[in-house]
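Here is a short briefing on a protein model. Read it with the coordinates open.

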Amino acid sequence: MSSTDLLPSKLGTKEYWDEVYSSELTNYAEIGDEGEVWFGEDSVEKMVHWTLENVPTDSAPYILEVGAGNGNLLLALCEAGYLPENMCGIDYSADAVKLARAIGQSKAASVAAHRRDGGGEPSGLANANNILFAECDFLRDEVPRSTGLASQPESDVALWDLVLDKGTFDAIALAEKDEDGSAPADRYPARIGRIVKRGGFFLITSCNFTEEELQAKFANDETGLKYHSRIPWPTFSFGGKSGSVYSSVAFQKV
């Protein structure tokens, strides 16, 4: 499916997501509700499991999530043992960034309080407040740098060991076309390719595109990415064809 085949939707507008995260930020402040987990907790578990198998914690990788929302995926990776100081989550909604920061600070404070009360088990979330959550329009802005992060010598663009996308490409694919008639989603794969370190990975989970469509969009000479692996999802059959509700595909920079 081409991104031009998808009809524009409110889910492809910044206004929609600003409204969503404004509401979720208010709810979190009032009742402690962390908000919706896009694609559900199962998607987070699957992506964390893939990361543990392919990008070990002891390599201290630098990890970026594009469209981090409330930060649930990066917080899960933090809990799994990845260094929060090496993580960055970007979102173009200011309230999403505020929400993710607030949740990270709360989880770190909760661990600290538990330790003061004699709690024994160590937790990766002890320093969850050190995850960098930043406001950034990925298609227009350069991603904020983390200390010690490598960069391209000719452009000073930060290079990441692992870049994650859980639903962000889907939302961009639902945006209105630009003034020149091009689809914003068509610029996305090249923007991803330029920030993945050689030998590093891009892991994406989508509900709008099949595995084959994701491979066609991201594994090419322009991105410098090649297909690496997939995360299996339960399949269903309809009309003599089988498929999955979600597709998760990993690519490696060559």
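The points below cover the sheet, the helices and two residues.

The model is predicted. An open sheet of 7 strands sets the frame, and its pairing is mixed. Helices α2 and α4 pack on this sheet. Two residues are then taken one by one: Ser206, which is buried, and Arg140, which is exposed.

**Sheet layout**

- The strand order is β3-β2-β1-β4-β5-β9-β6.
- The edges are formed by β3 and β6 (225–231), each of which pairs on one side only.
- From one strand to the next, the twist averages 20°.

**Helices on the sheet**

- Helix α2 (residues 40–54) packs on the sheet and touches β4, β5 (196–206), β6 and β9 (247–253).
- The direction of α2 makes about 165° with that of β4.
- Helix α4 (residues 94–116) also packs on the sheet, where it touches β2 and β3.
- The direction of α4 makes about 165° with that of β3.

**Strand pairs**

- Strand β1 (residues 63–66) pairs with β2 (residues 87–91) in the parallel sense, over 4 bridges.
- Within that part of the sheet, Val66 has Ile90 in β2 as its bridge partner.
- Strands β4 and β5 are parallel too, paired over 6 bridges.
- Leu162 stands opposite Phe201 in β5.
- On to β9: β5 and β9 run antiparallel and are joined by 6 bridges.
- Phe202 stands opposite Phe251 in β9.
- In a regular strand, side chains alternate between the two faces of the sheet.
- How many of the residues of β5 are buried? The count is 8 of 11, so β5 is mostly covered.

**Helix pair α1 and α4**

- Helix α1 (residues 14–31) packs with α4 at an angle of about 30°, and their axes are 7 Å apart.
- That angle makes α1 roughly parallel to α4, because angles under 35 degrees count as roughly parallel.
- The crossing of α1 past α4 is left-handed.
- On the α1 side, the contact residues are Asp18, Tyr21, Ser22, Glu24, Leu25 and Tyr28.
- On the α4 side, they meet Ala94, Asp95, Ala96, Lys98, Leu99, Ala102, Ile103 and Ser106.

**Ser206**

- Ser206 lies in strand β5.
- Is Ser206 buried or exposed? Its relative accessibility is 1%, so it counts as buried, the limit being under 20%.
- The side chains of Ser206 and Asp170 are joined by a polar contact of 2.6 Å.
- Leaving aside neighbours within four places in sequence, Ser206 is in contact with Phe39, Asp170, Leu214, Val245, Tyr246 and Ser247.

**Arg140**

- Where does Arg140 lie? Its place is the loop between β3 (132–135) and β4 (160–166).
- Arg140 counts as exposed because its relative accessibility is 60%, and the class begins over 50%.
- The side chain of Arg140 makes a polar contact of 2.8 Å with the side chain of Asp137.
- Gly181 is 41 residues from Arg140 along the chain, and their C-alpha atoms are separated by 17 Å.

**In brief**

- Ser206, in β5, is buried at 1% relative accessibility.
- Arg140, in the loop between β3 and β4, is exposed at 60%.
- Each has a side-chain polar contact: Ser206 with Asp170, and Arg140 with Asp137.

Notes:
Residues are numbered from 1 along each chain as its sequence is written. This is a predicted model: local features need pLDDT of at least 70, side-chain atom pairs count only at pLDDT 80 or more; totals for chains, interfaces and linings use all residues. Side-chain values use heavy atoms; hydrogens and water are left out. Helices (H or I, at least four residues) and strands (E, at least two) are DSSP runs, numbered from the N terminus. Buried means under 20% relative accessible area, exposed over 50%, partly exposed in between (1.4 Å probe, protein chains only). A polar contact is a pair of N or O atoms within 3.5 Å; within protein, one must be able to donate a hydrogen and the other to accept it, and residues adjacent in sequence count only if both atoms are side-chain atoms. Two strands pair if DSSP finds at least two bridges between them. Axes are lines fitted to C-alpha atoms, for helices over the stretch in contact, and angles run from 0 to 180 degrees between N-to-C directions. Contact means heavy atoms within 4.5 Å. Angles under 35 degrees count as roughly parallel, over 145 as roughly antiparallel, 65 to 115 as roughly perpendicular and the rest as oblique. A crossing is left-handed if the near helix is turned anticlockwise from the far one by less than a right angle, and right-handed if clockwise.
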